[in-house]
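Biologist: Could you take me through one part of this model in some detail? I'd like a close look at the largest nonpolar core, with a bit of context around it.

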Amino acid sequence: MSHVRFVRAGLARQAGSLALLALLAGAASLAAQGATASITDPRVGLHPGMTDAGVASKNMDLVGHRAKPDIFDGPGGARGLTYANSDLAFRGNYVFQGNFSGFSIWDMSNPARPVLRNSILCATGQGDPSIYGNLLFISSESTGDRSDCGTQGVKDAKDRMVGVRIWDISDIDHPKKVADVQTCRGSHTHTLVHDPKDKSIVYIYVSGSAGVRAESDLAGCVNAPIDSANTSLFRIDVIRVPLAHPEQAKVVSGARIFNELTAAKSHGNPPGDVARRARAGLTITMNGQQVTVPANIVTPLLDSIVKARSGTGVPTAEDSTTARNFLQSRMPPPTPAGRGGRGNGGPSQCHDITVYPAIGLGAGACGGYGLLLDLSDPANPKRIDFVGDSNFAFWHSATFSNDGSKLLFTDEWGGGTAPRCRIIDPLDWGADAIFTLKDRKLTQGAYFKMPAAQTDQENCVAHNGSLVPVPGRDIMVQGWYQGGVDVFDFTDAMHPREIAYFDRGPIPNHPERPDSSSTAIVTGGFWAGYWYNGHIYASEIARGIDVFDLTPSEWLSQNEIDAAKLVHWEQFNPQSQPKIEWPAAFPVVRSYLDQLVRNSGLEAARTGEIARALNSAEKMAGATRGAALTKLASQLERDAKGAADEWRVRAMAQAVRDLAKASH
């Protein structure tokens, strides 16, 4: 999420029928502009509610839920932030949930009944977590964050903590902070990177989007152009962590992966939004996009203009033009992606970096670009390719396919707090962009976006997700804020397909609060959806934490779900992507068979014979089973030569051969 203040603004209750009428009106005016979100989807028009919102789901069941802990239910000290849940990390049966004001530890021994094991109050600004053994890493970016975790704000720079906190969680009930690694731009997000040559070391790639701290605040911080050798801009900080002595963790390098990148092109507001803003009131251009000026600024300005001309009554059109020109003249010129107009206007920082050590590559969502990184020297990552896309507004995060042949980037258009899944929002804006990856070069494929039209009261845009470990397919689960949790297949980079979803209605307003507004959004929804050891875990910003199970459908079989459940990790950090490996098992083989039936990759008569052979072999044991499976694998290798889906038949043959070896 972009760096924003979560102010508790209100949202008027909106009846589903009224929402649907508004969507229908929008659809009628935009029908000629190309593909738009669906207005007949069951997710459209859900009634609002914090604990009783309307729900729509398809091919996935909510099996566990717990509300946000009471410790995170209130104003955030001197900064006025709500206690918003953020990202997740996993170890054993525990889920570590970040929060803008600390973190929670959930015991998921029984996913249907999550148990809150601990909550720690320690303001962060966003609080993205990572886990390695008994060390928990938490991002901190707000200048109001304190080294002692206090809530009173910072008056003296020596009390400020902006960077990465390291906690020892050997005792889950009593976490102990062992290090504060200060950085010049804080840590909006971070990524854990293993050193393949030294298992006693891990590195942390720090993505900090705050302004550069003054040198009086932190020695060594320099706010200078890109060509300055000492600039704290245009780099990612790399922290080295000795696992045996985490208190010695420190910044050891600043990777200059942005050299020679210039400002990238991006789009503004959707045409329908521009027209609506113009009807709604006085608009100006800010950083290349039209914005509506709040009434509390416009009204007194117009009153003063009327008074200055000795007028009375309602302001005239000329008065409105004068006000608009005055406000526009006070706007700074568009800020280049390089921040502050320094350097060449290219990106000065990444929002998020995903690493895939098994293939030696990383991917950075950085300013106006997606970067491909070489990790052969983890302390000094190098850029080897980059892509831009004028349909993207804010490159946010990345996910590799398991075989490394594809790379998916997300676009967090609107920063996560704006409604960007409405009928007026194009389906290729605020979406995922799928790229094929070959010979370390990226080629763009199609887009995927949560397809159901959402309301003006639902912040919605592409956000964090991970792979669902189904053999032979590239399937991803992803959070879309108040657009819900979505599961989709991107095996075919040009034709992604939605498989499952879960969505709740908008979070209602808080009419008892004096700052309530009938049009403002209460920021909430799913920060992320991640698959971990057989279930989907989703961090809900305002409501708590959810656990889901996938259910069989025409697009996902029970065998494929069972095969996915066979994959287990001791720990999982979504931005440190592990290679998925399946054990030798019948559900893995049958997953490939189900896919061949689904896509007509092999003649129906033959798939029937294979199914019967597998059923027969499963009833056998030991060497007899091994011999039967070895025979079947040889037959499948011959079948592959004339198959419509040769690759999948060969993959199934190898899975059968692995199963035969395991049977002896």
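Modeller: Sure. In this predicted model, 57% of the 664 residues of the protein chain count as buried. The accessible surface comes to about 26,400 Å², and carbon and sulfur atoms hold 52% of that. On the secondary-structure side, you've got nine helices and 32 strands. If you take contacts with a separation of 6 or more, 63% of them join residues 24 or more positions apart.

Now for the core you asked about. It has 44 residues, and the ones touching the most other members are Phe90, Val95 and Tyr537. Three strands each supply at least two of its residues: E3 (85-91), E29 (526-532) and E31 (544-550). E29 gives the most, with four residues.

Tyr537 is a handy place to zoom in. Setting aside neighbours within four places in sequence, Tyr537 is in contact with Phe90 and Val95, and also with Leu88, Met108 and Pro111. The rest of that contact list is Ala528, Gly529, Tyr530, Tyr532, Asp546 and Val547. A second, separate core has 26 residues, including Phe586, Tyr592, Ala651 and Val656.

For contrast, have a look at the second largest pocket, with a volume of about 480 Å³. It is lined by 24 residues, and Val193, His194, Asp195, Pro357 and Ala358 are the closest to its centre. Strand E11 (189-194) is among the elements giving two or more residues to that lining, and E11 gives the most, with three. By class, the lining splits into 13 nonpolar, seven polar and four charged residues.

Methods
Residues are numbered from 1 along each chain as its sequence is written. This is a predicted model: local features need pLDDT of at least 70, side-chain atom pairs count only at pLDDT 80 or more; totals for chains, interfaces and linings use all residues. Side-chain values use heavy atoms; hydrogens and water are left out. On a 1 Å grid over the protein atoms alone, a cavity is a set of points where a 1.4 Å probe fits but cannot get out, and a pocket is an open set with protein on both sides within 12 Å along at least five of seven lines; lining residues have an atom within 4 Å of a point. Grid points are joined across faces, edges and corners, and a volume is the space filled by probe spheres set on the points. Ala, Val, Leu, Ile, Met, Phe, Trp, Tyr, Cys and Pro count as nonpolar, Asp, Glu, Lys and Arg as charged, and the others, Gly among them, as polar. Buried means under 20% relative accessible area, exposed over 50%, partly exposed in between (1.4 Å probe, protein chains only). Contact means heavy atoms within 4.5 Å. Accessible areas come from the Shrake-Rupley method with a 1.4 Å probe; for residues, only the protein chains shown count as cover. A nonpolar core is a set of buried Ala, Val, Leu, Ile, Met, Phe, Trp, Tyr and Cys residues joined through side-chain atoms within 4.5 Å.
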